[in-house]
Amino acid sequence: MDRYNERLIKARTTTSSILFLSMAIAFTGASLVFVLLSPPLGFLLVAIGIALIVYLKDGLSLEYEIILTNGDIDISKIIAKKRRKNVKSIEASAITKMADAEDERVANDLSIGKYKVKKFIGKNMGENGGRPIAVYVGAEENQFIYVLDLDNECIEHLNQVLKTKSSVKL
């Protein structure tokens, strides 16, 4: 029987999304000057600016969907509840260790800079029963640490699949 869990978390808005939206607003404001100097060109630039604002404002709504299937982890990025992009797929066999991200050893691993770290956590950590879990993938120089915002059902799922590789207690 296949085991399946799903977790949807609202993520923090990226700085680049806010920056690009601010630049689009500034571009639209600056293009209003061209309306006085050259109306056809000015209206075209204003229309392009408005289209950019409409497109980029969708980037302010960001969610991560974490799907667990028999220990395999699929992470998708959902932008504006319209666009979906598969960010990472991790096979259960590739996971070398799973630990609580708030553990002192894991915090040391995260801060030391030896490992490549990717974080998929929500705006408000602990929201809806979630807690940060560190999943180690790979070996030595190619080791990644994925920090995931998982709830108790997802943690239990991974504990059952990973058994000896997990040090997370419920």
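Here are some exercises with worked solutions on the predicted model shown above.

**Exercise 1. The first sheet**

Work out the order of the strands in the sheet that holds β1, and explain why β1 and β4 each have one side without a neighbour.

*Solution.* Begin with the order, which is β1-β2-β3-β4 in an open sheet with antiparallel pairing. Next, look at the ends: β1 (4–10) and β4 (83–90) are the edge strands, and each has a single partner, so one side of each is left without a neighbour in the sheet. From one strand to the next, the twist averages 20°.

Now go through the pairs in turn.

- β1 and β2 run antiparallel and are joined by 7 bridges; here Y4 has T69 of β2 as its bridge partner.
- β2 (residues 62–69) and β3 (residues 72–79) are antiparallel too, with 8 bridges; L62 is matched with I79 of β3.
- β3 and β4 run antiparallel and share 7 bridges; I79 stands opposite R83 in β4.

Finally, find the turn between β3 and β4: this hairpin has 3 residues between the strands, and A80 takes a positive phi near 55°.

**Exercise 2. Two faces of one strand**

Sort the side chains of β1 by the face they point to, and say which are buried.

*Solution.* Start from a general idea: in a regular strand, side chains alternate between the two faces of the sheet. Then step along β1 and collect every second residue. N5, R7 and I9 point to one face and are buried. Y4, E6, L8 and K10 point to the other face and are not buried. Recall that buried means under 20% relative accessible area.

**Exercise 3. A pair of helices**

Find how α1 and α2 are arranged, and describe the residues of their contact.

*Solution.* First locate the helices: α1 covers residues 15–37 and α2 covers residues 39–57. Their axes come within 7 Å and cross at roughly 165°. Angles over 145 degrees count as roughly antiparallel, which makes α1 roughly antiparallel to α2. The crossing has a hand as well, and for α1 and α2 it is left-handed. Last, sort the residues of the contact of α1 with α2: 19 are nonpolar, 4 are polar and 1 is charged.

**Exercise 4. The second sheet**

Give the strand order of the sheet that holds β5, and name the strands at its edges.

*Solution.* The order is β5-β7-β8-β6, again in an open sheet, with mixed pairing. β5 and β6 (116–120) stand at the edges with a single partner each, so each has one side left without a neighbour in the sheet. The twist averages 20° from one strand to the next. For a closer look, take β7 and β8, which pair in the antiparallel sense over 7 bridges. Within that pair, R131 has L150 of β8 as its bridge partner.

**Exercise 5. A helix that meets both sheets**

Which strands does α4 touch or lie across, and which of its residues are buried?

*Solution.* Start with the first sheet: α4 (residues 152–162) lies across β1, β2 and β3, running at about 140° to β1. Turn to the second sheet: α4 touches β5, β7 and β8, and its direction makes about 140° with that of β5. Now list the buried residues of α4, which are C154, I155, H157, L158, N159 and L162. Their cover includes β1, β2, β3, β5 (95–100), β7 (131–137) and β8 (144–150). To finish, look just past the helix: α4 is followed by K163, with a positive phi near 45°.

Note on methods: Residues are numbered from 1 along each chain as its sequence is written. This is a predicted model: local features need pLDDT of at least 70, side-chain atom pairs count only at pLDDT 80 or more; totals for chains, interfaces and linings use all residues. Side-chain values use heavy atoms; hydrogens and water are left out. Two strands pair if DSSP finds at least two bridges between them. Helices (H or I, at least four residues) and strands (E, at least two) are DSSP runs, numbered from the N terminus. Axes are lines fitted to C-alpha atoms, for helices over the stretch in contact, and angles run from 0 to 180 degrees between N-to-C directions. Contact means heavy atoms within 4.5 Å. Buried means under 20% relative accessible area, exposed over 50%, partly exposed in between (1.4 Å probe, protein chains only). Angles under 35 degrees count as roughly parallel, over 145 as roughly antiparallel, 65 to 115 as roughly perpendicular and the rest as oblique. A crossing is left-handed if the near helix is turned anticlockwise from the far one by less than a right angle, and right-handed if clockwise. Ala, Val, Leu, Ile, Met, Phe, Trp, Tyr, Cys and Pro count as nonpolar, Asp, Glu, Lys and Arg as charged, and the others, Gly among them, as polar.
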